Amino acid sequence: MTAAIDDLRTVARYQFGPDAGDALFPQAESLDVTRTSSGRPRQIHTDDGRIATYERDGRFRLGIAGGERLDSSLPADAYRVVVDDESEPFVREGRNVFAKFVVRADETIRPRDEVLVVHEDGRLLGVGRAELSGEGMLAFETGMAVKTREGIDS
């Protein structure tokens, strides 16, 4: 089991950066890993909730518990899309983020990256998949910026 957890940490480091593996899957924590019939990891849970889903494309899809862990361990702007008061209640409900409401975004975000949607004051509001690049989120006045997978209150 330890080798499998090490593999998950490696994927997390590749996808989110060097500190993400230990942030998502700390050494001393017990993980509940649901597997497919072929034995591939699928859902990773802890007592806090769903950390992530390991998809067929070899990348993680974050849950709120995983988003909270990354929020506290990633560099200040990494993988973050910042919205203001106007969008906050909608994102909390799990609704999508549109480009016209994005205040700031990590310019290294690429379409299909997993991102953290945060309020201007730094509070995590939700997690989702980027539909535009970070630069595009800031440049466009229309279009979906983030397909929100889960809001903090949903």
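Modeller: Contact here means heavy atoms within 4.5 Å. The model under discussion is predicted.

Colleague: Leaving aside neighbours within four places in sequence, which residues is threonine 46 in contact with?

Modeller: Threonine 46 is in contact with Glu29, Ser30, Leu31, Ile51 and Arg69. Its place is in strand β2, residues 41-46.

Colleague: Is threonine 46 buried or exposed?

Modeller: Buried means under 20% relative accessible area. Threonine 46 has a relative accessible area of 11%, and therefore counts as buried.

Colleague: Which polar contact joins the side chain of threonine 46 to another side chain?

Modeller: The side chain of arginine 69 is the partner, in a polar contact of 3.5 Å. In addition, a polar atom of the threonine 46 side chain lies 3.1 Å from the backbone nitrogen of aspartate 48.

Colleague: How should I read the salt bridges, and how many are there?

Modeller: Side chains of opposite charge can pair when their charged atoms come close. In this model the count comes to 17 salt bridges. One of them pairs aspartate 71 with arginine 80 at 3.0 Å, N to O. Aspartate 71 is partly exposed at 21% relative accessibility, whereas arginine 80 is buried at 7%.

Colleague: Which parts does the salt bridge between arginine 123 and glutamate 88 tie together?

Modeller: The side chains of arginine 123 and glutamate 88 meet at 2.7 Å, N to O. Arginine 123 lies in the loop between β8 and β9 and glutamate 88 in helix α4, so the pair ties together parts that are 35 residues apart in sequence. Glutamate 88 is buried at 14% relative accessibility. Salt bridges that share partners join Glu88, Arg92, Asp121, Arg123 and Asp153 into one network.

Notes
Residues are numbered from 1 along each chain as its sequence is written. This is a predicted model: local features need pLDDT of at least 70, side-chain atom pairs count only at pLDDT 80 or more; totals for chains, interfaces and linings use all residues. Side-chain values use heavy atoms; hydrogens and water are left out. Helices (H or I, at least four residues) and strands (E, at least two) are DSSP runs, numbered from the N terminus. Buried means under 20% relative accessible area, exposed over 50%, partly exposed in between (1.4 Å probe, protein chains only). A polar contact is a pair of N or O atoms within 3.5 Å; within protein, one must be able to donate a hydrogen and the other to accept it, and residues adjacent in sequence count only if both atoms are side-chain atoms. A salt bridge is a side-chain nitrogen of Lys or Arg within 4 Å of a carboxyl oxygen of Asp or Glu.
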